[in-house]
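These are my notebook entries on a protein–DNA model, set down in the order in which I looked things up. I begin with the contacts to the nucleic acid and then turn to other parts of the fold.

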Amino acid sequence: MPVHNSEIADKFDRLADLLEIENANPFRVRAYHNAARTVRGYPRSMSDLLDDGVDLTELPDIGDDLAKKIQSMVETGKLPLLDEVEARTPPALSELMKVEGLGPKRVRALHLELHIETLDDLKKAAESGKIHEIAGFGDKSEEKIKQRVEKFSGEEKRTKLIEAEDIAKPLLEYLKKAEGLKDIVIAGSYRRRKETVGDLDILVTAKKGADIMEHFTGYDEVDEVVSKGVTRSTVYLRSGMQVDLRLVPQASYGAALHYFTGSKAHNIAVRKMGVKKGYKINEYGVFKGDERIAGKTEKSVYDKVGLPYIEPELRENRGELEAAKKHKLPKLITLDDIRGNLHAHTKASDGHHTLKEMAEAAAGLGYEYLAITEHSQSLAFAGGLDKKGLLAHIKKIDKLNEQLDGIVLLKSSEVDILEDGALDYPDELLKELDFTVCAVHQKFDLPRKKQTERIRRAMDNPYFNILAHPSGRLINERDPYETDLEKILEAAKDNDCFVELNAQPQRLDLTDEGCMMAKALGVKISIATDAHSTSDLEHMRCGVDQARRGWLEAKDVINCLPLNKLLRLFKR
DNA sequence: GCCGTTTTCGGCCCGACTGTTTTCAGTCG
């Protein structure tokens with residue numbers, strides 16, 4: 001069982017937390033966190049990189065020492081230094097640091113003074129009123145800890161982007177009513193269109209004297225006001241979502257927007273570039289000495305460090321700064337580039353609308369084509385069509401196409417990939433289709449090698465065209481099944497197959513990193529909604545967001561092609 | 001512990017808010 005990047009990253013983060021509690025050199029602590037971020041976000045597994053003989057010190061923030069530690073973890077699953085540290089500092093202390101308001105210093109104090117090691121210890125200590133006796137803690141701290149421990153669930157919950165939108169939109173409408181408000185924008189990972197967001201960062205500018213903060217904390221969805229200041233306030237909404245509101249002068253709007261959009265790694269890298277040029281960059285602007293020389297727009301900030309504007313979706317320090325320096329940034333795909341949708345269901349399997357209704361909805365979005373991809377015969381529980389049923393459906397589509405104007409329905413099927421890699425219909429039936437969308441829907445728990453081989457074998461079939469939702473994950477609900485994505489993409493490349501970026505907001509499968517890997521390997525992508533209703537068709541925008549995070553351009557995406565060119569791609 | 005068209009040693013992003021303090025440490029983003 002190969003070690004996942006996330007496991008390596010978690011170990012580095014835990015080690016960093018414990019070292020911080022032990023009062024280690026803060027820069028050493030940061031080095032471990034930085035390495036964790038690099039490893040967690042890396043599109044290829046450390047294990048595969050080592051197999052290929054890649055020198056890990058080439059990766060950002062990985063030096064000789066950490067490269068060795070990663071190698072040790074890949075080979076043995078162990079990080080000896082972590083074991084060593086955990087032997088003298090209780091491992092659960094790093095959990096305590098996740099409680100809001102508790103950092104390394106206070107966790108250390110709680111441990112030294114009251115021998116608190118676990119959440120349970122902390123809860124008891126708070127209830128028995130021992131905490132306020134420690135130097136640096138008072139009655140308020142004790143009370144807050146008591147409340148926070150009560151609410152603490154242990155896991156940091158990130159909210160799916162589309163759910164965050166549902167929370168953000170009414171709040172934004174409410175905030176816009178504030179007296180004296182000028183600009184308002186949601187920054188942070190929401191603006192970078194990350195698939196999940198941890199909190200909402202809202203940036204505003206306003207007329208002098210306007211009481212925006214009062215208005216904000218008075219929102220009727222506010223559950224708790226964490227802090228409230230002149231330029232910054234933090235609240236929790238009833239939904240559990242944390243919202244930060246920041247107020248900056250208009251002259252600083254661009255610098256603040258850049259700062260609060262992040263990512264942190266991108267910001268730090270840009271700041272470092274500023275320092276090299278003798279500037280200081282913060283949320284108020286770019287400064288040369290005391291003089292503000294830029295900051296009204298984001299572009300002005302990039303300008304000062306000698307870079308072109310970088311789209312928010314790219315700001316992850318995953319090579320965008322290097323690309324920008326060389327003027328090689330991708331021209332990111334937009335929703336307008338999309339000409340059709342290659343994955344949709346109707347009432348014939350598990351969809352909610354008829355062929356005609358789906359066709360008209362797709363035409364209404366300005367599409368040239370919509371592919372009808374009912375489930376195949378093995379997927380009985382999702383209304384999969386048997387051979388006869390599919391043939392009849394094909395005829396229905398032919399007939400409807402004669403009546404339709406401006407849009408063409410493509411005859412396809414979401415064909416199951418069986419456990420042995422065979423497709424769920426015989427070839428003589430598959431050849432009646434314009435193309436196929438093939439997918440794994442059962443036997444999610446095969447070992448990595450077998451699962452990978454299953455999909456690769458399926459691609460050997462000349463009627464295999466697009467691999468749908470390649471990992472099967474459901475965000476926050478179901479883990480991806482174990483595969484070697486790189487090997488699958490290589491097989492797709494070799495067999496002239498394509499890979500889907502499923503735009504369902506709970507799937508978004510490929511990931512952004514998967515898109516980057518596909519692009520690097522020369523595999524083109526279908527961004528498709530897997531629509532089960534007419535309204536689902538509008539989830540295309542979610543897929544496009546994810547594609548943009550994955551550096552994709554219109555030329556990388558097959559459903560940006562006109563119909564005649566698209567169909568040529570499916571002849572293998 | 002990482003990193004280097006000034007450096008292989010000496011830097012490492014920085015400002016706001018809170019609470020516990022009498023001038024600032026701790027935490028957060």
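**Entry 1, polar contacts to the strand.** I started with R28, where a polar side-chain atom lies 3.3 Å from a phosphate oxygen of DNA strand B; a polar contact here is a pair of N or O atoms within 3.5 Å, and within protein one must be able to donate a hydrogen and the other to accept it, while residues adjacent in sequence count only if both atoms are side-chain atoms. At G103 I found a backbone N or O atom 2.7 Å from a phosphate oxygen of DNA strand B. I then looked for a contact to a base, and noted that an N or O atom in the side chain of Y259 is 3.1 Å from a base nitrogen of DNA strand B.

**Entry 2, basis of the values.** I note that this is a predicted model, in which local features need pLDDT of at least 70 and side-chain atom pairs count only at pLDDT 80 or more, whereas totals for chains, interfaces and linings use all residues. Residues are numbered from 1 along each chain as its sequence is written, chains are lettered from A and ligands numbered from 1 in the order in which they are written, and side-chain values use heavy atoms, with hydrogens and water left out.

**Entry 3, the surface around the strand.** Which residues come nearest to DNA strand B? Of the 50 residues around the strand, I list R30, R106, G138, K228 and R271 as those that come nearest, a residue being near when one of its heavy atoms lies within 4 Å of the strand. Sugar and phosphate account for 77% of the atoms of DNA strand B that come within 4 Å of the protein. By class, I recorded 23 charged, 15 nonpolar and 12 polar residues on this surface; Ala, Val, Leu, Ile, Met, Phe, Trp, Tyr, Cys and Pro count as nonpolar, Asp, Glu, Lys and Arg as charged, and the others, Gly among them, as polar. The elements that each supply at least two residues include α2 (26-40), α7 (104-114), β5 (222-228) and α14 (264-276), where helices (H or I, at least four residues) and strands (E, at least two) are DSSP runs numbered from the N terminus.

**Entry 4, a three-stranded sheet.** I traced an open sheet with the order β8-β9-β10 and antiparallel pairing, two strands being paired if DSSP finds at least two bridges between them. β8 and β10 (291-294) stand at the edges, each with a single partner strand, so one side of each has no neighbour in the sheet. Neighbouring strands of this sheet are turned by 35 degrees against each other on average, direction ignored; axes are lines fitted to C-alpha atoms, for helices over the stretch in contact, and angles run from 0 to 180 degrees between N-to-C directions. Between β9 (residues 285-288) and β10, which run antiparallel, I found three bridges, and V286 has A294 in β10 as its bridge partner.

**Entry 5, cavities.** How many cavities of 30 Å³ or more does the structure hold? I found two, a cavity being, on a 1 Å grid over the protein atoms alone, a set of points where a 1.4 Å probe fits but cannot get out, with lining residues having an atom within 4 Å of a point; grid points are joined across faces, edges and corners, and a volume is the space filled by probe spheres set on the points. The largest cavity encloses about 90 Å³, and α23 (540-549) gives the most to its lining, with four residues. The second largest cavity holds about 40 Å³, and its lining includes Y259 and R271, residues that I had already met beside the DNA, Y259 by its contact to a base nitrogen and R271 among those that come nearest to DNA strand B. The elements that give two or more residues to this lining are α13 (253-261), α14 and β8.

**Entry 6, backbone geometry.** Most residues other than glycine have a negative phi, and most peptide bonds are trans. I noted a cis peptide bond between G262 and S263, with omega about -5 degrees, and placed S263 in the loop between α13 and α14. Another cis peptide bond joins D509 and L510, with omega about 20 degrees. At D61 phi is near 65 degrees, a positive value in a residue other than glycine, and D61 is found in the loop between α3 and α4.

Technical notes
1 Å grid on protein atoms, 1.4 Å probe; cavity = no way out; pocket = protein on both sides within 12 Å on 5 of 7 lines; lining within 4 Å.
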